[in-house]
Amino acid sequence: MTVTPTTYIYTGGEQAGVVVRLSNYPRFPKSPTEVEMEALELGEELRDGLCQESFSVITPDRTYLRSIREEPL
């Protein structure tokens with residue numbers, strides 16, 4: 001796992017954050033589904049521990065967005 005500081009820029013502002021990258025270590029390989037589930041669990045823990053409202057997990061095939069914000073009506 002690597003953790004890299006970054007700045008997220010969005011319409012109307014910017015916010016400091018981090019990019020966390022997981023690697024599927026060849027000596028102890030996991031299926032893509034296992035890696036995705038591990039990333040989502042880690043994201044939930046980091047979101048809660050860092051008092052964030054949302055996070056994204058980006059895979060080669062899919063982007064997940066998890067948020068505690070209420071959906072707009």
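Gln-15 lies in strand β2 of this predicted model, and its relative accessible area of 39% makes this residue partly exposed, because that value falls between the 20% limit for buried and the 50% limit for exposed residues. Leaving aside residues up to four places away in sequence, Gln-15 touches Thr-6, Thr-7, Tyr-8, Tyr-10 and Gln-52. With one of these, Gln-52, the side chain of Gln-15 makes a polar contact of 3.4 Å. Arg-47, by comparison, is separated from Gln-15 by 32 residues in sequence and by 14 Å in space, taken from C-alpha to C-alpha.

Tyr-8, which is among the residues that Gln-15 touches, leads on to the largest pocket. This pocket holds about 1300 Å³ of space, and of the 34 residues that line it, Tyr-8, Val-18, Phe-55, Ser-56 and Val-57 are the closest to its centre. Two or more lining residues are given by each of β1 (2–10), β2 (13–21), α1 (32–49), β3 (54–58) and β4 (63–67), with α1 supplying the largest share, eight residues. Sorted by class, the lining consists of 18 nonpolar, 10 polar and six charged residues.

Two of the strands that contribute to this lining, β3 and β4, are also partners of each other, pairing in the antiparallel sense over five bridges. Together β3 and β4 form a hairpin, in which four residues stand between the two strands. Within this pairing, Ser-54 has Ser-67 of β4 as its bridge partner.

Terms used: Residues are numbered from 1 along each chain as its sequence is written. This is a predicted model: local features need pLDDT of at least 70, side-chain atom pairs count only at pLDDT 80 or more; totals for chains, interfaces and linings use all residues. Side-chain values use heavy atoms; hydrogens and water are left out. On a 1 Å grid over the protein atoms alone, a cavity is a set of points where a 1.4 Å probe fits but cannot get out, and a pocket is an open set with protein on both sides within 12 Å along at least five of seven lines; lining residues have an atom within 4 Å of a point. Grid points are joined across faces, edges and corners, and a volume is the space filled by probe spheres set on the points. Ala, Val, Leu, Ile, Met, Phe, Trp, Tyr, Cys and Pro count as nonpolar, Asp, Glu, Lys and Arg as charged, and the others, Gly among them, as polar. Two strands pair if DSSP finds at least two bridges between them. Buried means under 20% relative accessible area, exposed over 50%, partly exposed in between (1.4 Å probe, protein chains only). Contact means heavy atoms within 4.5 Å. A polar contact is a pair of N or O atoms within 3.5 Å; within protein, one must be able to donate a hydrogen and the other to accept it, and residues adjacent in sequence count only if both atoms are side-chain atoms.
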